Amino acid sequence: MITLEINQRQYQLDLKGHETLLEVLRDHLGMKGTKTACEESECGTCTVAVDGKATLSCIALAANCEGMKINTIEGLANGEELHPLQQAFLDYGAVQCGFCIPGMIMSCKALLDKNPEPSQEEIEYALDGNLCRCAGYLKIFEAIRHAGKVIKAQCEQASLLDRRN
Amino acid sequence: MKTATLNKEYVNPVGKSVPRIDGKGMVTGQAKYAFDVSFPNMLIGKMIRSPHPHAKILSIDTTRAEKLPGVRAIITAKDTYNIKFGSNEYFFPHTVDQMAIESEKVRYVGDEIGAVAAIDEEIAEQALGLIDVQYEPLPAVFDVQEAMKPDAPQIHESLNNIAVILPVNFGNPDRVMKEADYVREDRFYAPAAHHAALEPHVCVGQWETFSNKITLWSSTQAPFKCREALAKTLNIDLNDVRVIKLAVGGGFGGKLEMLPMDFASCLLSKKAGGLPVKICYNREEEFIASRRKHGMIYTVKSGVKKDGTLLAMTGEVIADGGAYCSYGPTVLAAAIMRIFMVYKIQHFRMTGYRVYTNTPISGAMRGFGGVQAGFAIESHMDMVAEAIGMDPIVFRLKNITGPNMVTINKMVITTNGLRECIEKAVSASDWYKKRGQQKHLCRGIGIGIAADVMGSKMYKSHESAGSIVKVEEDGSVYLFTGAADTGQGSNTALSQIAAHELGVSYNRIRCKSGDTEITPFDTGSFASRVTFISGNATLRAARDAKQQILDVVAKENNLNAAELDIAAEEVILKKDNSILMDFDKALELCYSFNYGRQIIGRGSYNPPTTPIDFRTGEGNVSGSYGFEAQVAEVEVNKETGEVKLLKMWDAHDIGKAINPQAVEGQIEGSLVMGIGYTFLENLRFDQKGRPANGNFANYRLPRSMGTPPVESIMVESNDPEGPFGAKGMGEASLLPTSAAIANAIYDAVGIRLKELPFTPDKIIKALMEKEKFELAAQASA
């Protein structure tokens with residue numbers, strides 16, 4: 001039995017040694033938000049965050065993630081309020097078929113958590129592992145830039161409040 | 001309806017970039033795809049595939065596999081009705097050539113000869129290894145030109161493996177060609193490519209054995225077409241088959257047809273006593289056993305006058321069809337006949353050959369023959385213009401089609417914004433400041449133009465779509481459409497059309513689409529037809545619903561319904577726009593004691609076209625036509641052979657943008673797909689007919705790095721036939737991309753590339769040849 005922490009909740013799981021994080025999420029826990037399009041680490045569709053780092057769940061062994069904080073698309077919104085990235089993807093028309101979007105957003109989040117004001121080069125570099133066949137990336141770039149601004153403003157607001165308190 | 005949920009911003013939604021109706025599900029992971037469907041007791045199915053490119057099936061022994069614990073069902077051809085299926089059944093009945101499960105012969109590596117279902121994927125895979133098949137290998141042919149030789153292996157019964165010959169002939173090109181001041185011929189090669197939709201082909205089939213009903217949850221682009229093929233091959237009544245399309249992770253033409261997997265999942269379910277069976281392709285199977293874009297050898301010859309008048313054109317198109325016909329014949333027809341929408345040409349002859357090879361099946365892919373043709377024709381046009389010393393813009397403006405004309409093959413063009421598209425693309429890109437002016441920087445600019453249909457009537461004799469708009473007692477509005485949203489946003493656009501016509505907020509609409517048992521018939525998502533055709537059906541359904549509401553309001557108020565309208569959530573008197581009552585009140589009235597009137601609007605639309613005669617190429621294929629001009633600016637690195645795209649411009653006659661942001665999304669996505677085909681994509685096969693690059697590591701797709709900025713320019717020609725003036729537009733933006741880039745590369749460094757994709761080695765080679773040629777010319781001078 002191992003314990004995995006996924007979206008701040010603990011799960012006790014009886015796993016075979018070779019099972020991937022993707023298999024655990026989709027098949028054991030029924031968390032179907034995370035998709036995959038190749039299962040061999042080429043498309044980025046299965047990206048989740050492990051200890052804040054964008055991680056390909058199709059090649060990450062679940063057992064190796066014990067003790068780490070795993071975050072998936074299902075845990076991104078704050079209650080009913082969408083995460084700024086989710087809202088920006090909607091507002092900027094960055095979503096077409098939606099299949100790449102959970103992985104894409106998780107990669108974007110890992111980038112923005114480190115740097116809410118990435119340059120165009122940094123955005124393109126961070127997303128180069130995530131395939132999108134519908135949208136041609138341009139609206140995704142716009143959405144990230146906008147979400148970064150919102151996140152930065154939120155952080156500034158929060159630190160202002162902290163100082164006041 | 002609770003007013004708190006209504007957003008006044010979203011009244012009159014046509015022309016506004018409202019958010020996707022299904023967007024929240026997609027950004028939160030809650031959207032449900034066929035990929036995500038799961039049931040208790042669901043079995044996992046796997047296809048049994050041929051390892052040979054061409055072989056006779058001598059025997060299949062499944063005994064060992066059947067004994068494997070966990071295996072629940074195995075099917076082979078003996079369990080089937082041996083009924084063939086195909087996609088050009090209506091126009092080319094002899095091309096219906098594929099069995100869902102082959103019994104006598106296999107024709108490509110991956111051909112399906114059976115299927116297994118087991119309690120999990122591991123056991124299903126294991127079972128595949130326990131099936132004993134005896135084959136007698138036959139000589140195979142992989143090259144399309146080799147396949148046409150008289151002594152080539154015969155794949156089907158067709159002479160020289162030519163499944164279809166399409167002769168398209170108008171006027172007298174041979175005679176007129178002699179009157180030309182300049183004639184040139186060019187030969188181009190456009191390779192096979194793959195859709196590479198991120199969601200693989202996936203289905204869950206369930207055959208309830210006692211009630212004899214089939215349900216298929218599928219990643220299809222055309223649920224009604226899938227239903228038809230399933231009913232036919234499974235020998236069951238159409239109304240006993242239900243195909244349900246959920247969210248679809250991209251299609252691009254690859255999910256237009258029923259595949260053997262769909263057939264197998266249902267039949268396995270029957271054999272397993274009615275348990276649902278899921279079959280999901282892995283990425284390798286996607287490249288082998290779905291569909292691919294036809295590789296084409298495109299030869300074109302033109303004769304022009306000194307003043308730039310295009311007099312005559314002749315040519316030949318050889319299309320590599322792979323093992324079966326699929327949509328091939330009509331793809332070939334489109335590859336030849338698209339030119340009539342773009343150029344006024346009176347004397348024309350082109351012959352197309354759709355040829356079998358022992359490779360995976362070529363079918364429909366976004367652009368439908370137009371991408372290969374666009375590369376050839378638009379590159380060729382630039383060369384012709386240059387040879388007579390004419391600016392490529394001036395040359396095109398002289399020869400393009402215009403509004404309100406009938407083409408030589410009887411296409412009826414009404415609105416046509418092509419001239420405006422070219423002019424706007426030229427002006428936005430600063431064409432005349434750049435063309436020929438940046439060679440010292442190895443920079444260049446090039447153009448390509450294109451036109452597209454919206455609907456094609458290539459699947460059935462009609463191409464109608466139906467819609468139902470139901471308005472409930474609480475004012476909620478349900479739109480039922482058979483149209484299949486595969487990510488392009490048709491549910492959103494159709495909901496906008498319904499809301500706008502009904503006079504209510506877009507927030508009211510709940511859209512149910514693509515379920516063959518619930519929604520009206522629709523031929524599917526292809527040929528850029530949905531906004532135009534399904535949009536027109538939806539417009540009519542909303543109009544009908546509105547009329548029913550107004551009839552009740554008029555009666556109650558002793559007015560004539562013709563005096564009333566609904567706009568921005570209010571019932572108004574037309575004469576002075578005064579408000580009579582709000583929409584919710586009107587619905588309360590409809591469902592009140594005295595009236596009890598159910599509001600159910602219906603709409604049907606079939607575009608005004610004429611049948612195409614494929615013996616001549618004559619016919620008005622579409623109810624309207626869309627146009628565009630695309631400009632590319634490039635910088636070539638002469639040392640490495642790499643091309644940097646600096647910027648692209650796409651001016652597009654879309655009639656009217658129902659949702660401008662979604663239109664931009666289609667332009668950008670389509671154009672970037674065109675960039676991939678120009679520089680990266682080429683589905684190759686090894687000497688045994690297996691894909692040489694059938695995975696995402698080796699089949700390279702456009703990624704985020706290097707995506708150029710794209711300026712989308714919308715030209716609104718307001719088509720009188722389109723819903724609110726709209727035309728279809730999802731495919732056109734990748735038709736001229738390769739040529740625009742090729743022409744820009746020529747402007748930059750003076751090389752003409754006639755073989756896609758433009759890899760650095762080809763560019764270096766062409767640069768070296770050019771240098772050699774120039775040195776030789778200098779030496780002889």
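Twelve nonpolar, two polar and two charged residues make up the lining of the second largest cavity in this structure. Keep in mind that what you're looking at is a predicted model. Here's a quick tour: that cavity to begin with, then chain B as a whole, a single methionine in chain B, and a helix in chain A.

**The second largest cavity**
- A search of the whole structure turns up six cavities of 30 Å³ or more, and the second largest holds about 140 Å³ of space.
- It has 16 lining residues, and those closest to its centre are Arg338(B), Val342(B), Ala373(B), Gly374(B) and Ile449(B).
- Four elements of chain B each give two or more residues to this lining: α9 (328–337), α10 (339–342), α11 (370–387) and β20 (443–453).
- Of these, α11(B) gives the most, with five residues.

**Chain B as a whole**
- If you count up the secondary structure of chain B, you get 20 helices and 30 strands.
- The chain is as compact as a globular protein of its length, because its radius of gyration is 27 Å, close to the 28 Å that the globule rule gives for 781 residues.
- Laid along the principal axes, the C-alpha atoms of chain B fill a box of roughly 100 × 75 × 45 Å.
- Buried residues account for 65% of the 781 in chain B.
- Take the contacts in chain B between residues at least 6 apart in sequence: 80% of them join residues at least 24 apart.

**Met390(B), a residue to look up**
- You'll find Met390(B) in the loop between α11 and α12 (392–399) of chain B.
- Met390(B) has a relative accessibility of 16%, so it counts as buried, the cut-off being under 20%.
- Leaving out residues up to four places away in sequence, Met390(B) touches Asp307(B), Gly308(B), Ala385(B), Phe395(B) and Lys398(B).
- One of those partners, Gly308(B), is 82 residues away from Met390(B) in sequence, yet the two are 7.2 Å apart in space, C-alpha to C-alpha.

**Helix α3 of chain A**
- Helix α3(A) runs over residues 101–114, and at 1.5 Å a residue its 14 residues should span 20 Å; the end C-alpha atoms are 20 Å apart, which agrees.
- Eleven of the 14 residues of α3(A) are buried, so the helix is largely enclosed by the rest of the structure.
- Among the buried ones are Ile101(A), Pro102(A), Gly103(A) and Met104(A), along with Cys108(A), Leu111(A) and Leu112(A).

Note on methods:
Residues are numbered from 1 along each chain as its sequence is written. Chains are lettered from A and ligands numbered from 1 in the order in which they are written. This is a predicted model: local features need pLDDT of at least 70, side-chain atom pairs count only at pLDDT 80 or more; totals for chains, interfaces and linings use all residues. Side-chain values use heavy atoms; hydrogens and water are left out. On a 1 Å grid over the protein atoms alone, a cavity is a set of points where a 1.4 Å probe fits but cannot get out, and a pocket is an open set with protein on both sides within 12 Å along at least five of seven lines; lining residues have an atom within 4 Å of a point. Grid points are joined across faces, edges and corners, and a volume is the space filled by probe spheres set on the points. Ala, Val, Leu, Ile, Met, Phe, Trp, Tyr, Cys and Pro count as nonpolar, Asp, Glu, Lys and Arg as charged, and the others, Gly among them, as polar. The expected span of a helix is 1.5 Å times one less than its number of residues. Buried means under 20% relative accessible area, exposed over 50%, partly exposed in between (1.4 Å probe, protein chains only). The radius of gyration is taken over C-alpha atoms; the globule rule is 2.2 Å times the number of residues to the power 0.38. Contact means heavy atoms within 4.5 Å.
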